[in-house]
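Visitor: Hi! Could you show me the structure, and then we can talk through the ligand site and some helix packing?

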Amino acid sequence: MLEASGLMVFYENMLALNNVSLQCGENRIVGVFGANSAGKSTLMYALSGIMLDIRKKEEMAGGERITISGSIRYKDQELMGMKPSRRAKLGIILCPERRRIFRESSVLENLKIGGYLATAAQAKETLAYVFTVFPALEKLKNRVGGFLSGGEQQMLAIGRALMAQPKILLLDEPLLGLSPLMQAMLMRATREIRDQRRISIIVTEQYARPVLPIIDYAFILENGSAVLEGTREELMDNPDVRSAYFGV
Ligand code: ATP
């Protein structure tokens, strides 16, 4: 359903993504695992199109030259070159690394901002849904975003992304810095969202272990290259992968 092939991204002469191909089928959860600097965020920026905005900003500031090539197809459309706002309207929604919620705005305001692409009826229905997946957010709805815990901020970031009516949700390191208990809760919620809303999800993480129970398929990124892919079982059968990414 979403198919990237031969993705290349250069920051000046630094090759950040090297001929990366990956697919995410309908109603699937796909993991992308890689160490620091492997290229996970670069991949998410390329898929969501944010990379085009970053490139434009750099050009205007006379900064580094960013080069992107390859193909990203979604339902028979080529996305490469398509603005991120248009990709968002097609349902490709990024929930960025480090949450990036609006710290001065309340939980409710953050969620409503996320619903800018939705009709009033969709926004109302989705808001109620977000509160069923994350009941904690309803209790905190008038709290200012900056005063939430890391886990609560992550729930809010996912909730805000849901408000944008995703068909493909890109979760960039959602578990970073959270307790194992919170990580497990967020992954259960992610699976529930896939099951209940029939959204496809691509999730990146440095460590695969907390994500493993919910993925259908995964890719391993090393230095910008997708070096390995497979089902959970296939990856677990590889001793190098097991020790590097699964900590077992
Ligand atoms: P992390 O887990 O640290 O977020 P990551 O897997 O998301 O890592 P990226 O952020 O995609 O990795 O970075 C991939 C490589 O590209 C790194 O070497 C990084 O330093 C470099 N990089 C990222 N953004 C830029 C930029 N704007 N200019 C130059 N180099 C960059």
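Guide: Happy to. Let's start with Asn-36: an N or O atom in the Asn-36 side chain sits 3.0 Å from an oxygen atom of the ligand, which fits the cut-off for a polar contact, a pair of N or O atoms within 3.5 Å. The model is predicted, so local features need pLDDT of at least 70 and side-chain atom pairs pLDDT 80 or more, while totals for chains, interfaces and linings use all residues. Residues are numbered from 1 along each chain as its sequence is written, and side-chain values use heavy atoms, without hydrogens or water.

Visitor: What about Gly-39 and Lys-40, how far are their backbone atoms from a ligand oxygen?

Guide: For Gly-39, a backbone N or O atom is 2.9 Å from a ligand oxygen. For Lys-40, a polar backbone atom is 2.8 Å from one.

Visitor: And how much of the ligand does the protein bury?

Guide: The protein buries 68% of the 630 Å² that the ligand exposes when taken alone (Shrake-Rupley areas, 1.4 Å probe).

Visitor: Which elements give two or more residues to the shell?

Guide: Those are strand S2 (14-24) and helix H1 (40-48); both are DSSP runs, with at least four residues for a helix (H or I) and at least two for a strand (E). H1 gives the largest share, three residues.

Visitor: How many residues surround the ligand?

Guide: There are 14, and the closest are Lys-40, Ser-41, Thr-42, Glu-64 and Glu-173. Being near here takes a heavy atom within 4 Å.

Visitor: Switching topic: how do H7 and H8 cross?

Guide: The axes of H7 (residues 150-163) and H8 (residues 180-197) come within 10 Å and cross at roughly 15°. H7 and H8 are therefore roughly parallel (angles under 35 degrees).

Notes
Polar contact = N/O pair within 3.5 Å; in protein donor to acceptor, adjacent residues only side chain to side chain. Axes fitted to C-alpha atoms, helices over the stretch in contact; angles between N-to-C directions. Parallel < 35°, antiparallel > 145°, perpendicular 65-115°, else oblique.
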